[in-house]
Amino acid sequence: MRKTSAVLASLSLAVLALTGCTATASDGVAACDRGGNDKILNVADVSGGLGSVPDVDVFGPVKTDKTSFADVTVGDGLALGSDFQPVVLDIAFYGGDSGKALYQSEFNGDQSRVHSIDYWAQRSAGLADVLECATGGSRVLAVLTPEDFGAQNVQAFGLDKGENIVAVIDVLDVMPAKASGALQFNDARGLPSVVRAPDGTPGIIIPDVPAPTEIVTQTLIKGDGPKVKEGDIVVSNIMGVGWDDKTVTTSSWGKDASVSVAAEQLVGATVGSQLLVVFPAAESAPATAIVVDILGAVTAPTQ
């Protein structure tokens, strides 16, 4: 899991050009329809509760020349409509001929294991199609061809030539791709203005005035989710601007979301909110304006 420092003052960002935007649904993801092939449900018997290690009996040999999937159960959570939308899932792989368990993720209920479709597709390309439009709370049964599973995986697990792979995927949670809620009125005199592309990507416009001498936090969009508590793991998208040089130096937009322990400025904010945080210049850091979309917050796992 990629970590991002909770000390937001170390970030230095600048104005973002908002170009090449595409139409998206209100939660920042493209509208999509879940496909699937119900015949896949006949390749294995899958039992056990969502988030627990499944009991899987593969009716091998499983033969197909195309990666396919079906939803064993359909959850009522958000749909995965973006390659970089935060998702928490567990996954198990089985040999399509032998039925042997090849790999199992943690299945420990840890909701801070946040990744994305892009993350999983880099490890097994076929998972991109399998996960597209899946909803939070779903259990998915899939058959991957060796090509879609990945040559390096086939070799690592010692699979027979041409052997397909059966996968059981529990989509534990899908988080929104951007802040969504009520726009808030703020006195913006002397503070940056924020514009947003349809997919939620912000642009930050720094005024031609000196930076504040104290930390300023404003709620730009107020979400209707739970409040962030001290010590929570926060999933967010971050964009900001260096006050003086107005140069973008980092952004999580178009990448995996940031995952970090809640910074002081985020505690008490609601999930779904967008905050503007301005840090004054410090001994080792220039003045910085940061926009944070709070996409999720979970209790940190016990060690």
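In this predicted model, Cys32 is partly exposed, because its relative accessibility of 31% falls between the 20% limit for buried residues and the 50% limit for exposed ones. Its partner tells another story: Cys133 has a relative accessible area of 5% and therefore counts as buried, a label kept for values under 20%. The two cysteines are joined to each other by a disulfide, with an S to S distance of 2.0 Å. A disulfide is a covalent bond between the sulfur atoms of two cysteines. Searching the whole structure turns up one such bond. Cys32 sits in the segment before β1 (44-47), while Cys133 belongs to the loop between α2 (127-131) and β7 (138-144), so the bond ties together parts that lie 101 residues apart in sequence.

Attention can now turn to the interior. In soluble globular proteins, nonpolar side chains tend to be buried together. Here, the largest nonpolar core holds 24 residues, and the members touching the most others are Phe93, Leu127, Leu131 and Ile169. Two or more residues each come from β4 (87-95), α1 (117-123), α2, β7 and β8 (165-174). Of these, β8 gives the most, with five residues.

Phe93 offers a good place to look more closely. Leaving aside residues up to four places away in sequence, Phe93 touches Lys100, Ala101, Leu102, Tyr103, Leu127, Leu144, Phe149, Ile165, Val166 and Ala167. Another core, of 15 residues, lies apart from the largest one, and its members include Ala70, Ala92, Tyr94 and Val166. Val166 is thus worth finding on the model, because it belongs to this other core and is also one of the residues that Phe93 touches.

Note on methods:
Residues numbered from 1 in each chain as written. Predicted model: local features only at pLDDT ≥ 70, side-chain atom pairs only at ≥ 80, totals over all residues. Heavy atoms only, no water. Disulfide = S-S within 2.5 Å. Helix = DSSP H or I, 4+ residues; strand = E, 2+ residues; numbered from the N terminus. Buried < 20%, exposed > 50% of the residue type's maximum accessible area, 1.4 Å probe, protein only. Core = buried A, V, L, I, M, F, W, Y, C linked by side-chain atoms within 4.5 Å. Contact = heavy atoms within 4.5 Å.
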